[in-house]
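This report describes the surroundings of a bound ligand and then the packing of selected helices. The sequence and the structure are shown first.

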Amino acid sequence: MRKPFIAGNWKLHKTVAESVALARELAHGLADVKERDVAVAPAFTALASVAAVLSESPVALAGQNCYPEAQGAFTGEVSPYLLKDVGCRHVIVGHSERRQLFGETDGFINTKVKAVVGAGLTAIFCIGETLAEREEERTFSVLEHQVRIGLNGLDATSMQHVIVAYEPVWAIGTGRTATTGQAQEAHGFIRGLLAEMFGDVLAQEIRILYGGSVKADNIDALMAQPDVDGALVGGASLKADEFVRIAAFQNL
Ligand code: PGA
């Protein structure tokens, strides 16, 4: 059985004070959360303060990005090692905004996944097709390319520390969620690919999250899909009530 995972990606939002206030509400609202993992990814500047607020809470801390070296002359970058030091357990890698706005390639993302896992953290490895790619019926070939290169060279032990997030680019921040059928179809395809690459047993254990306009009113239907194991939530993770409700999804 795969334990559901709900992660909030706060992106470039919230001052330290605002982040602490939201973390306090989440620590309260999710104090009794069970049978699912929950994490939030604040801006780097707020990580230390949010870590202190969440230290007694079941809500884990995640980084939004990293550079794939432990330390060195890399001005402006943050390593998995430093994220771990500040209390992170997970790092989002290869988000479509990193790919599209900052030119991150599949190969570079692969080095990040390896660095994150090598530091003892979990990589939340993001993939997803653009609207043009979907309309050209290239969704599966794009996903396959992203998965094969992004996870190239990872062994079975490392893959136990990788979570895949399927985030169709056309659904991110647009209010346009994939239908449950579209999400399940993509997740099923990704799991089949993981089975080819890493074997059936491991593929059944790897969690595949859906991301893209997840909200309180669509989470239950998404989580009812057999291969949807959780969600990566952007906009709706900035409001405590909404995120608490998402984390409290019902799929029984
Ligand atoms: P959204 O973002 O929920 O605001 O669509 C999702 C994401 O980018 O992870």
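In this predicted model, the ligand is surrounded by 13 residues, and the closest among them are Lys-11, His-95, Glu-167, Gly-173 and Ser-213. By residue class, the shell around the ligand consists of 4 nonpolar, 7 polar and 2 charged residues.

Polar contacts to oxygen atoms of the ligand are made by side chains and by the backbone. The following table lists three of these contacts.

| Residue | Protein atom | Ligand atom | Distance |
|---|---|---|---|
| Lys-11 | N or O atom of the side chain | oxygen atom | 2.7 Å |
| His-95 | polar side-chain atom | oxygen atom | 2.6 Å |
| Gly-234 | backbone N or O atom | oxygen atom | 2.8 Å |

Lys-11 and His-95, which belong to the closest residues of the shell, thus appear here with their side chains: Lys-11 at 2.7 Å and His-95 at 2.6 Å. Gly-234, in turn, contributes a backbone atom at 2.8 Å. On its own, the ligand has 280 Å² of accessible area, of which the protein covers 95%.

The report now turns to helix packing, beginning with a pair from the early part of the numbering. Helix α1 comprises residues 16-29 and helix α2 residues 47-54; their axes are 9 Å apart and enclose an angle of about 20°. Angles under 35 degrees count as roughly parallel, and α1 is therefore roughly parallel to α2. The handedness of the crossing between α1 and α2 is right-handed.

A second pair is formed by helix α7, spanning residues 139-150, and helix α9, spanning residues 180-198. The axes of α7 and α9 come within 10 Å and cross at roughly 40°. Because of this angle, α7 and α9 are oblique to each other. Their crossing is right-handed.

Terms used. Residues are numbered from 1 along each chain as its sequence is written. This is a predicted model: local features need pLDDT of at least 70, side-chain atom pairs count only at pLDDT 80 or more; totals for chains, interfaces and linings use all residues. Side-chain values use heavy atoms; hydrogens and water are left out. A residue is near a molecule or strand if one of its heavy atoms lies within 4 Å of it. A polar contact is a pair of N or O atoms within 3.5 Å; within protein, one must be able to donate a hydrogen and the other to accept it, and residues adjacent in sequence count only if both atoms are side-chain atoms. Accessible areas come from the Shrake-Rupley method with a 1.4 Å probe; for residues, only the protein chains shown count as cover. Ala, Val, Leu, Ile, Met, Phe, Trp, Tyr, Cys and Pro count as nonpolar, Asp, Glu, Lys and Arg as charged, and the others, Gly among them, as polar. Axes are lines fitted to C-alpha atoms, for helices over the stretch in contact, and angles run from 0 to 180 degrees between N-to-C directions. Helices (H or I, at least four residues) and strands (E, at least two) are DSSP runs, numbered from the N terminus. Angles under 35 degrees count as roughly parallel, over 145 as roughly antiparallel, 65 to 115 as roughly perpendicular and the rest as oblique. A crossing is left-handed if the near helix is turned anticlockwise from the far one by less than a right angle, and right-handed if clockwise.
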